[in-house]
Amino acid sequence: MLTITPDDIFGFAKKANDSFEYIENKLFPDTRSTLLKSLESFYNSVVDDFRNIYPDDDKLYQKLIKKDKENKVKNDLVRKNTQKIAFYDAQVFMNVFLAYHLFVAGKSKVNLQNKIKQEISKNKNIIFTKQSLTDFETFFAQKLFVNAELRLLLLPFQIDKQDKKINDILNIINKPTEIRNYASKINELSTSGSANIVLNDISNSNISINQIFANSPEITKFILQILEKQNKVKLYNVPMAIDKFTGREEDLRDIHLLLQQNRNILLFKGFGGIGKTTLAIEYCHRQKSEYDHIMWIVFDGDLKSSLSKLANDLGIVQAENFSDVLISKINSLQNVLLIIDNFFIPEKQNNITEELRTFLPNVKKILTAREEIKGKDWIITKEIDKLSPTEAKKMFVKYCGFSPNEKELDDLMKTVDYHTLTLELSAKLYTGYSNEITLTQLTKSFGDINQEIADIKTNTNYADELKINNYLKKLFNLSKLTEPEIEVLRQFAVLQPDYMPYDELKEIIIPENKIKYTQLLNDLSAKSWLQTQTDNQKKYFRCPPVIQNFIKQEYKPVYEFYKNIIQNLIDLLYKKPTDNPVDKFKWLPYGFILQNLEEENEKIAASYNNISLIYRYKGDYEQALEFAFKSLKIKEKVLDNEHPDLATSYNNISLIYQAKGDYEQALEFALKDIKISEKVLGNEHPDLATSYNNISLIYKDKGDYEQALEFALKDIKISEKVLGNEHPSLATSYNNISLIYQAKGDYEQALEFALKDIKISEKVLGNEHPHLATSYNNISLIYQNKGDYEQALEFALKDIKISEKVLGNEHPHLATSYNNISLIYQNKGDYEQALEFALKDIKISEKVLGNEHPSLATSYNNIAYIYEDLKDKKTAYEYICKAVEIWEKKLPANHPDLISAKNFKKRLENEIMR
C-alpha cells in the first residue's frame, strides 16, 4: 500500500504554488478532470442565473446578430454551422474564462478581458460587448466568493501527475464525494482557530496553498485519514468512470441512503437505454471510499456462472468445487458491493429470485434490470426515469462539444422524450455529420417511420453503427414478448405519449377480456415496455416515445389493425342533442391515433369531423378548423359532390368561422351546405333545419336581421313539425331566433322565444349543460334591455355558475358571460363591480380570441362606457379606439355597432379636447 506522509502533502502544496505556468498551458485540455467538471457545472449555473438577472441581455444580442447576420467567418474553435450565440454560451469563452479562474489566485499576470476578447474575436459567431463581459466577470466573482466548497476545490490546482503520491493526494482533494467533508473540515478548523487560515477572495494572489497545509496539521491529518481509507478499496471488473456523466445527483443520493438500510439488494428498474448501467458505474466511482471491495458482473442467466468471471481477479483457479470456493472467498471479504448488470428472470427459472435471496447474503448488491421482481419485500426497487430537460440539454452539449440552436435542441429532446441513450447517440451522430444534416432533420427522422436516419441525405454514406435504428433493434428485443403483448404495444404506439387512465383505455380499446387486458398492461409495465402511475387509486399507463417509434418502424400502422379502435372513437366523440359536450373533451387526445395512419376513408373523415365539433364546443377554434379541413379533404376525395356528409362538413366549417368572427368565410361555407342540403335532403329534413338555423345567425352577426329572421323561421317551421315539442334542437332554434329579435330591438318577441327555449332545456338537459348556460345568458340580456336589472342579474348569475364549473377558466362563452354581467352592474350604477367583470372578460378574450375578433371589439366598447361612467375619459377613449379599429375591419360600414362606436369615439375626442 502506498504510504503518504505529512512531508508528501507539504511537498505537494509547494509544487502547486510553483506550477501556474504549467496549469495555464496544460490543464484546460484535460476535460476529464474532476476539478474542471465541477467548475463547468458551477459556470453553467452562473450562466442560468445571469440570464434571469440580465433579461435585456438577449435583446442586445439580437440587435448585434441582426447587424452581423451576413458575416460568415469560419473558425475551428466553434463549428462552422453554429448559429449566432451569446459569448457565455460559447465553448471557447468558457474554456478561456475557467482557465483564467484556475490560476488567477496565483502568480499569473494574464489580463482576462484582453485574453477573452483576443480569443473570441476570432469567431464572428460569438456576440459580446465590453460591458456585458465586465458584467459577467463581476457576477461570476460574486457567485464564487459565496461558494466556499468551490473556492477550496480551486486551491490545490492540478500539477504533474507523474508523482504517484501527489496524484493520490489530488484524487482525494478533487474527489466529489469528499469535497463537502473537506470544505466542512477546513471551515470548522478555520472558525475554531485551530488553523491559521483566512479564506480570502479567490483573486487575492497572496493566498498560499503551502501556508494552508504547513500551518494546519489538523487538515494534513484529515487528508491522510481519507487517503488511508481510499487506498483500501479494490475494484474488480468495474467499468471505467464515464467522463461525460451528467445529472442524476438526486438519484445518487437516494441510492446511497437506500443501501445504508438493512436490506442488501437494490434493483434499478427502467426501460432500455434510460441510463441504469451508467448510473451504477457512476455510483461505484463516486462512493468507492465507502467500500473495501466493489465487484461487477454482467448477468448471463445464472448467478454462479456470471460470478465466475471474477475468479482470476480474486486469485481462484479452476477446481472441482470451483463455484463454492469462489463464493466462499467473496463471503470472507468485508464491506463488499456487487453490481449485477442486466439482470433478468430466465424462462422456466422462476426460482432464480429465491436463489438471489440467499446468494452472498453479507454482500450489498445493486441489480440493473428492465423487469420488476414482484412480491419480494426484501428487494428495494428504484425506478430510473428519464433525464430532466436541464440534465438532458447539458448531456447533449457535452457529447456534442458545442451548443446547438436552443429551440432545435428542445424540439429534439421532446421528440425522443429525454431518452438518455437516444440523446447520446443523436449528439454523436450530429457531431460527426453536422455539415450534412441539421438538428431539425435529425428530429424529424424520429417521427418519420419510413425514413432511416442514414437516409436523410442521399449523398451521405453513414456507417451501420451510426444508424440509431440499429441500436434500437438491439435495445428493444421483441422476440421475448408474446403476440398479445405485441398487440397491446401496437395499440399504444399510436396513442399520445402521455399517461392515459386505464378507465379510458378500456373504453377506447374495448378488449374482449378486460381481466386479461389488465394483466397484459401490468406485465408490460413490469418489463418496462410501458410506464405506469397511480393517482387517487386511478392507474395510468404510457408508452415512451422512443419505444412508440420503434414499434411503428417494426409494424407500420395500418387502418385494418386499428379500425375497431377508430369506430369506438367515432362513437365516443359523437354528440347527441342531449349530450353535454364537456363530457366529450377527455376523448380529444385520442385523435392522435389518426395522425399515424396514411389511409384515407370515410371512417377516418368521420373521426376528424367529430373531433372538430368537440374542439369547437371547447372554444379551441384553431384546432377545430384544422380537424374540420382534414375531414373535408378526405370527403372531397372519396364522396360524391352532392353527398349529405359533404354538406355536414361545410356546415361545421361555417360554424367555426362564425365563432372566429370571420363572417364572410362562414357565409361562403354555409351557402355550400344549403346548396347540397336543399337538393338532396328534402324540404322537411332536420339537417336542413339545422343549416337554416346556422346561416340565420351568420346574417344576424353581419347585421342583416331580415335575412337572419327569414332563415330562422324556415328552421323553426321544419323543427316544430318533425322534432317534437321537447327536442333539444328545437330549444336551440328558439334560443337563436330570440337572439335575432333581440338584435332587432323586439324584446317581447325575444323574451317569448327565450322562455320557450328555457322550458325545454331545463326539462331535457342536465343542470350543468353548457346550452342551458347560453340560454340563461340570452334571457339575462333580454331582461337587461327591458330595464329589469334584477331579473337580468338573476339569470346572469345562473349562467356564470354553470360556465365557471364546466367550461374552464379560459372559455370564450365565459368571457361573454362576464361581459353581460358587467353591463348589468353598469346599468345598476355599480361601476366598480362592472369594471371587475369587464376586465375578467377582456383577460380571456385577448388570450383566446385573437386581436381582431368582433367579440373582443364588443368587450372594448363596453368597458369604454364603464370608464366614462368612472370619469376616466382618457382610458375610455383608448378602449373605444380599439373597438372601432377591429369593427372597421370586420363589420359593414353601416353596421349599427360600428356607427354607434364611431359616434362615441368622436364625442370623447371633443370632450377630451375641451
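A residue is called buried here when its relative accessible area is under 20%, and that cut-off is worth keeping in mind as you move through this predicted model.

Begin by selecting strand β4, residues 265–269: five of its five residues are buried, so the strand is largely enclosed by the rest of the structure. If you display the side chains, you will find Ile265, Leu267 and Lys269 pointing one way from β4, while Leu266 and Phe268 point the other way, and all of them are buried.

Next, add the strands that pair with β4. Strand β7, residues 364–369, pairs with β4 in the parallel sense over five bridges, and within this pairing Lys269 stands opposite Ala369 of β7. Then select strand β8, residues 379–383, which runs parallel to β4 and is joined to it by five bridges; here Ile265 is the residue to centre on, since it stands opposite Ile379 of β8.

Now leave the strands and select helix α29, residues 621–638, together with helix α30, residues 644–660, which pack at an angle of about 160° with their axes 10 Å apart. Angles over 145 degrees count as roughly antiparallel, and α29 and α30 are therefore roughly antiparallel to each other. Their crossing is left-handed. To inspect the contact itself, show side chains on both helices: among the residues that make it are Tyr621, Leu625, Phe629 and Leu632 of α29, and Leu646, Tyr650, Ile653 and Tyr657 of α30. Colouring the contact residues of α29 and α30 by character will divide them into 12 nonpolar, three polar and five charged, with Glu622 and Lys635 of α29 and Asp645 and Lys660 of α30 included in the contact.

Conventions
Residues numbered from 1 in each chain as written. Predicted model: local features only at pLDDT ≥ 70, side-chain atom pairs only at ≥ 80, totals over all residues. Heavy atoms only, no water. Buried < 20%, exposed > 50% of the residue type's maximum accessible area, 1.4 Å probe, protein only. Helix = DSSP H or I, 4+ residues; strand = E, 2+ residues; numbered from the N terminus. Pairing = 2+ DSSP bridges. Axes fitted to C-alpha atoms, helices over the stretch in contact; angles between N-to-C directions. Parallel < 35°, antiparallel > 145°, perpendicular 65-115°, else oblique. Left-handed = near helix turned anticlockwise from the far one by under 90°. Contact = heavy atoms within 4.5 Å. Nonpolar A, V, L, I, M, F, W, Y, C, P; charged D, E, K, R; others polar.
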